[in-house]
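Visitor: Hello! I am new to this structure and would like a close look at one part of it. Could you walk me through the salt bridges, and then the helices around them?

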Amino acid sequence: MAATMAFRPVIWLCAVAFVLLHSWLPLVSAAAAVKTYIVHMKHNQKPASYATHTEWYSDHFQSLTSAAPDSLLYTYDAAYSGFAAALTPEEADSIRQSDSVLGVYEDTVYTLHTTRTPEFLGLNTEPGPWTGHSLLELNKASQDVIIGVLDTGVWPESKSFSDVGMPDVPTRWRGRCEAAGDFNPKIHCNKKLIGARFFSKGHNIVSGAKESQSPRDNDGHGTHTASTAAGSQVLNASLLGYARGNARGMATHARLATYKVCWKSGCLGSDILAAMERAILDGVDVLSMSLGGGSAPYFRDTIAIGAFAAVERGIFVSCSAGNSGPTKESLANIAPWIMTVGAGTIDRDFPAFSTLGNGEKYNGVSLYSGKGMGRKSVELVYGKNANTSGNLCLPGSLDSAAVRGKVVLCDRGISPRVEKGMVVRDAGGVGMILANTAESGEELVADSHLLPAVAVGRKIGDEIRRYVKTARNPRASLTFAGTVVNVKPSPVVAAFSSRGPNMVTPQILKPDVIGPGVNILAAWSQAVGPTGLDTDTRKTQFNIISGTSMSCPHISGLAALLKAAHPNWSPSAIKSALMTTSYTHDNANSPLRDAADYSLSTPWAHGAGHVDPHKALSPGLVYDATPEDYVSFLCSLGYTKEMVQIVAKHPNITCSKRFHDPGQLNYPSFSVMFRKTGVVRYSRELTNVGPAGLTYRVSVDAPPNVEVSVSPSTIVFKNVGDKRRFRVTFVWKKEVGPVVRHGFGSIVWSNALHRVSSPVAYSWTQL
């Protein structure tokens, strides 16, 4: 899974989602020097003698190398122009010499970014002003929407994939379920799960470990993300008694197609690209990817290139932002045609308590479900008689004689959280207090531990550390309080959620939004326990995990609902509706806060804010953008025409319509970079998707040292579909206030019915 799923090694970035990451490690095959390469061809140079590009690519490959025919792993046409092949470095160099080749790139590995959310998002109530239609009508319309999930596969027996009451599969669907030894399409697919494929050729070249070649999910992450996006309603769902209630996805009546691209060693770019190609051709409406890596120029970003092809065909693409927060500049999946999703908390928690021998009782969280410790306290130890890694409770670090029968205080970090508990248990400890350090701050993520264990924040952790070091006979007892709801404040931005600013294109503000991503209940694979540890033999139909991997499929499901309500909207219109109707205040009516230190959050952490599906169904106005606009954007980055063609695949790109500034793209947010001149001007175009005859007036919030003027300040939309432009001038008032390097504000168009809000980030680059 990706990210904060305590039990996964570094390879999983989340709790549900997929992206492009700094660890892009090229994977080397165990066999000699053979590696997987992705070859980008000049799409428009196909000779007329070839009926298809696939034929041309295959023949070209054979003519340039002496590699065996089965070394050609995939050919791409819809998502990419080219092919993937297993080559030696010498063979790759030979292919580079061809005039028909734009580039040859070594394959990269991506990582995963690892039920109360429907109620928290308000999806169990009527949707409000959706042109007078009811929730029943919206559910019926969503039956024609298909969500493709690229992840670790699917556990088809889960009740979340029941098709009871669903009509026949849409006739336009061109996908299928692939058979395997443990996967029978006639049994395991139905009118809900209408597609299940697997892509492993790239993985098989570089990995020595053989895994079952099947669409089946043996990890859990893919089942969790798919059911989050569009799982059917399941009554009385829980994780071993925690979070008990009705579990359901965001778009319960939408169809699902799963594409297994992630294996134990990671997710190979060649396999991801092949799955995106297939999903586009199969006919999905939404692509959900909870995985990724770091950020890179768009012409070198496999996911960005495939996503461009999808968006060009009207497919909405949602990706996780990554789990590298609270570090700044840590985002993944930042292309402007991708919906980049960060993570926040929901109003549900799992309280647990650590009571010390001095009578102090400290709050924490836990999903421990076994026999408790009782009220009697036992000795508490911290790094005592252990080697240098004992404070972190790393494998082999604890002295059994020192911890047997005691509660062990462990620092969070380095190793998975639940693995620390296993280390304590195996050394004879009877309980664990898992204390955050400065790196993890005050963020608390609940885990299904193998022994009584409570996670606490940094401040409380420091108090417990002082107590252990100063008390003559430190003792502790641990107790567990189950599930509580209506927690305030919520949402809070997750500390692990990756942060801006966007380092590839600073003029585009990312992430776009946040959604529920902490302690999320969803369906789980029966092939693995809730912690993912090999020693965890427990089985559960549902699991609670965290990460931007979890928030991504929430937004994918909401996009499916918007697609159902507004089938003619473009992907950028759907993105705009979700962004401009998001909220930036919590359920205590205070500005959103950051779980890292509970300071006020900023758009570099939460983007436009937390999604509000009810308002997104009727946003009033949208900032729309076409594929041609994205080409103009790419041309404004200083790319060569060949670089732009790698992304856009258009044969006759001239860049004659490039923007004077990348920030000129008609985006629903603003990122203003002040340089020496101190003046930045952008224009935007609004499209009326609300009632005719409405007037909107603008309001502006800005730092004291910035003056913002908008012209015109009032816009009248006489008809539905009308488009109106406005111009914004941002002026840096150098004489006002102390020197700062960044600031934030907003531009809002509103009337009595609608509020269309855009965040603004300001940066001073020449200070």
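Guide: What follows is a tour of some charged pairs, then of an enclosed helix, then of two helix contacts.

Please keep in mind that this is a predicted model. As a little background, side chains of opposite charge can pair when their charged atoms come close. In this model the count comes to 22 salt bridges, and we can visit a few of them.

Let us start with Lys35 and Glu106, whose side chains meet in a salt bridge with N and O 3.7 Å apart. Lys35 sits in strand β2, residues 35-41, and Glu106 in strand β5, residues 101-106, so the pair links distant parts of the chain, 71 residues apart. Lys35 has a relative accessible area of 19% and is buried, because the cut-off for buried is under 20%. Glu106, at 26%, is partly exposed.

Next comes a salt bridge between Asp168 and Lys191, with the closest N and O atoms 3.4 Å apart. Here too, distant parts of the chain are linked: Asp168 belongs to the loop between β7 (146-151) and α5 (185-188), while Lys191 belongs to the loop between α5 and β8 (193-198), 23 residues apart. Asp168 counts as exposed, with 58% relative accessibility, and Lys191 counts as partly exposed, with 30%.

Now find Asp282 and Arg197, which form a salt bridge at 3.0 Å from N to O. Asp282 lies in helix α8 (residues 269-282) and Arg197 in strand β8, so this pair ties together parts that are 85 residues apart in sequence. Asp282 is buried, with a relative accessible area of 0%, and Arg197 is buried as well, at 6%. The pair also belongs to a network: salt bridges that share partners join Glu178, Arg197, Arg278 and Asp282.

From buried charges we can turn to a buried helix. In α7, residues 221-230, 10 of the 10 residues are buried, so this helix is largely enclosed by the rest of the structure. Among these buried residues are His221, Gly222, His224 and Ala230. What covers them? The elements over the buried residues of α7 include β6 (109-112), β7, β11 (255-260), β28 (520-523), β29 (542-545) and α13 (548-565).

That last helix, α13, leads us onward. α13 packs with helix α14 (residues 571-580) at an angle of about 115 degrees, their axes 10 Å apart. This angle makes α13 roughly perpendicular to α14, and α13 passes α14 in a right-handed crossing. On the α13 side, the contact is made by Ile555, Leu558, Ala559, Leu562 and Lys563, and on the α14 side by Ile574, Ala577 and Leu578. By class, this contact has 7 nonpolar, no polar and 1 charged residues.

Our final stop is another pair of helices, α9 (residues 302-312) and α17 (residues 627-635), whose axes come within 10 Å and cross at roughly 150 degrees. That makes α9 roughly antiparallel to α17. Phe308, Val311 and Glu312 of α9 make the contact with Pro627, Tyr630, Val631 and Leu634 of α17. The residues of this contact divide into 6 nonpolar, no polar and 1 charged.

Notes: Residues numbered from 1 in each chain as written. Predicted model: local features only at pLDDT ≥ 70, side-chain atom pairs only at ≥ 80, totals over all residues. Heavy atoms only, no water. Salt bridge = Lys/Arg side-chain N within 4 Å of Asp/Glu carboxyl O. Helix = DSSP H or I, 4+ residues; strand = E, 2+ residues; numbered from the N terminus. Buried < 20%, exposed > 50% of the residue type's maximum accessible area, 1.4 Å probe, protein only. Contact = heavy atoms within 4.5 Å. Axes fitted to C-alpha atoms, helices over the stretch in contact; angles between N-to-C directions. Parallel < 35°, antiparallel > 145°, perpendicular 65-115°, else oblique. Left-handed = near helix turned anticlockwise from the far one by under 90°. Nonpolar A, V, L, I, M, F, W, Y, C, P; charged D, E, K, R; others polar.
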